[in-house]
Amino acid sequence: MISARGLARSFKTRAAVVDAVRGVSFDVDAGEIVGFLGPNGAGKTTTVRMLTTLIAPSSGTAQVAGFDIVANRDQVRAHIGMVSQTGGAGLNHRAGDELRTQARLHGMSRPTAAARAQELAEEFRLTDLLERQVSSLSGGERRRLDIATGLVHRPRVLFLDEPTAGLDPQARAHLWEYVRRLRDQHGMTLLLTTHYLDEADLLCDRVLVIDGGKVIAADTPAALKSSLGGDLVVLATSRPGDAARVASCHFPGTEPDTRPGVVQFHLRDAQSHLPELLRVLDASGVPLDSVAVTRPSLDDVFLSLTGRALSAPRAEDGPHPSGPAPESVLADAP
Ligand SMILES: Nc1ncnc2c1ncn2[C@@H]1O[C@H](COP(=O)(O)OP(=O)(O)O)[C@@H](O)[C@H]1O
Ligand SMILES: [Mg+2]
């Protein structure tokens, strides 16, 4: 449904040329929820803006819903919906007008537009909010309106740029349900960007990890995590000197990392090996303080790929503090 090959985009600013996206290639199948996961500035929004034909690539090609993003811009636009990071709704409009106007822009007659607005309002639990000014809606309500607005023309592919940024955990979980339903009930293909690890992990069928304008890993969340070599087992001994004794009777197929008082190693499916492991340790007679098994997170994946943690400080959760510079002062890089 989406296929990108060597997609790249640079921006020429007065000061320098910014290589926002440096040649990304990937495919998204029909009916998949794929997440672009990366820190701020990774190139997520720029990639989405190219795929949704808002900006042209500097090089590379992509097809969306079977159409070329440069040669068949209009056909691409007819088949996709886009929910931008900043939201599209006019703050002093009424929510219902927003939906109806969007439907009219897609060429629907007044009665058809009204019916479609009603239908979407029901699907996104907005019926009681249609007379309200957009500015008076909560963050979660406004996100639902943004998504409904992006769906008026029944697109086959929906792009969501940071759909839950700034929402509280409950509103985020709600929104995930709506996104899943679009896939499950309407067979829609969804590409979303996020810098939230839990969102990528819990919502996405597949994750493309993006950093510095490049896709550095692409797989299911489970496969990405298992690429780290399994769960992390941490054994703490009561006496620091005992760690070496624990390490010497460690479990087959593992490579223990031994420090005073602590032995740790990766073990696939550690939960199911735990009884056996405990028996081995018990037989060794070394007293243990604790045994901890942790599943690797996508944060561990990002850390192992880049040497940096992706888990963003909570301060970044608000509306984007430093969005891209206005395009008007910029020229396209050649
Ligand atoms: N219009 C623009 N002009 C100049 N630089 C830009 C523009 N848009 C994006 N960038 C830069 O490109 C990089 C990637 O930005 P973006 O795609 O918005 O990242 P993300 O969405 O992953 O946070 C950043 O360094 C950003 O400052
Ligand atoms: Mg962005």
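**Exercise 1. The loop before helix 10**

Locate D269 in this predicted model and decide whether D269 is buried or exposed.

Solution.
- Position: the loop holding D269 runs between strand 13 (262-267) and helix 10 (270-284).
- Backbone: phi at D269 is positive, about 50 degrees, although the residue is not a glycine.
- Environment: 10 other C-beta atoms lie within 10 Å of that of D269. The cut-off for exposed is 12 or fewer, so D269 is exposed.

**Exercise 2. Another positive phi**

Find where E162 sits and state whether E162 counts as buried or exposed.

Solution.
- Position: E162 belongs to the loop that joins strand 7 (157-161) to helix 6.
- Backbone: E162 is not a glycine, yet its phi is positive, at about 50 degrees.
- Environment: E162 has 23 C-beta neighbours inside 10 Å. Buried requires 20 or more, so E162 counts as buried.

**Exercise 3. Helix 5 against helix 6**

Describe how helix 5 and helix 6 pack, and give the angle and the distance between their axes.

Solution.
- Geometry: helix 5 covers residues 139-150 and helix 6 covers residues 169-186. Their axes are 10 Å apart, at an angle of about 20 degrees.
- Orientation: angles under 35 degrees count as roughly parallel, and the two helices are therefore roughly parallel to each other.
- Handedness: the crossing of helix 5 past helix 6 is right-handed.
- Residues: helix 5 contributes G139, G140, R143, R144 and I147 to the contact, and helix 6 contributes A171, H174, L175 and Y178.
- Classes: these contact residues comprise four nonpolar, three polar and two charged.

**Exercise 4. Helix 3 against helix 4**

Work out the orientation of helix 3 relative to helix 4 from their crossing angle.

Solution.
- Geometry: the axis of helix 3 (residues 95-105) comes within 8 Å of the axis of helix 4, and the two cross at roughly 130 degrees.
- Orientation: this angle makes helix 3 oblique to helix 4. The value falls outside the range 65 to 115 for roughly perpendicular and is not over 145, the bound for roughly antiparallel.
- Handedness: helix 3 passes helix 4 with a right-handed crossing.
- Residues: on the helix 3 side the contact has G96, L99, R100, A103 and R104; on the helix 4 side it has A113, A114, R116, A117, L120 and A121.
- Classes: seven residues of this contact are nonpolar, one is polar and three are charged.

**Exercise 5. A residue of helix 4**

Place T112 in its helix, classify its exposure and give its C-alpha separation from F159.

Solution.
- Position: T112 lies in helix 4, which spans residues 110-123.
- Environment: T112 has 13 other C-beta atoms within 10 Å and is partly exposed.
- Distance: T112 and F159 are 47 residues apart along the chain, and their C-alpha atoms are separated by 24 Å.

**Exercise 6. The whole chain**

Summarise the chain: how many helices and strands does it have, and which residues make up each domain?

Solution.
- Elements: there are eleven helices and 15 strands.
- Domains: domain 1 takes in 2-225 + 312-321, and domain 2 takes in 229-294. The centres of domain 1 and domain 2, taken over C-alpha atoms, are 45 Å apart.
- Extent: along the principal axes, the C-alpha atoms fill a box of roughly 80 × 50 × 35 Å.
- Burial: 38% of the 334 residues count as buried.
- Contacts: among contacts with a separation of 6 or more, 68% join residues 24 or more positions apart.

Notes. Residues are numbered from 1 along each chain as its sequence is written. Chains are lettered from A and ligands numbered from 1 in the order in which they are written. This is a predicted model: local features need pLDDT of at least 70, side-chain atom pairs count only at pLDDT 80 or more; totals for chains, interfaces and linings use all residues. Axes are lines fitted to C-alpha atoms, for helices over the stretch in contact, and angles run from 0 to 180 degrees between N-to-C directions. Helices (H or I, at least four residues) and strands (E, at least two) are DSSP runs, numbered from the N terminus. A crossing is left-handed if the near helix is turned anticlockwise from the far one by less than a right angle, and right-handed if clockwise. Two residues are in contact if their C-beta atoms, placed from the backbone, lie within 7 Å. Ala, Val, Leu, Ile, Met, Phe, Trp, Tyr, Cys and Pro count as nonpolar, Asp, Glu, Lys and Arg as charged, and the others, Gly among them, as polar. Domain bounds come from an automatic or database domain assignment.
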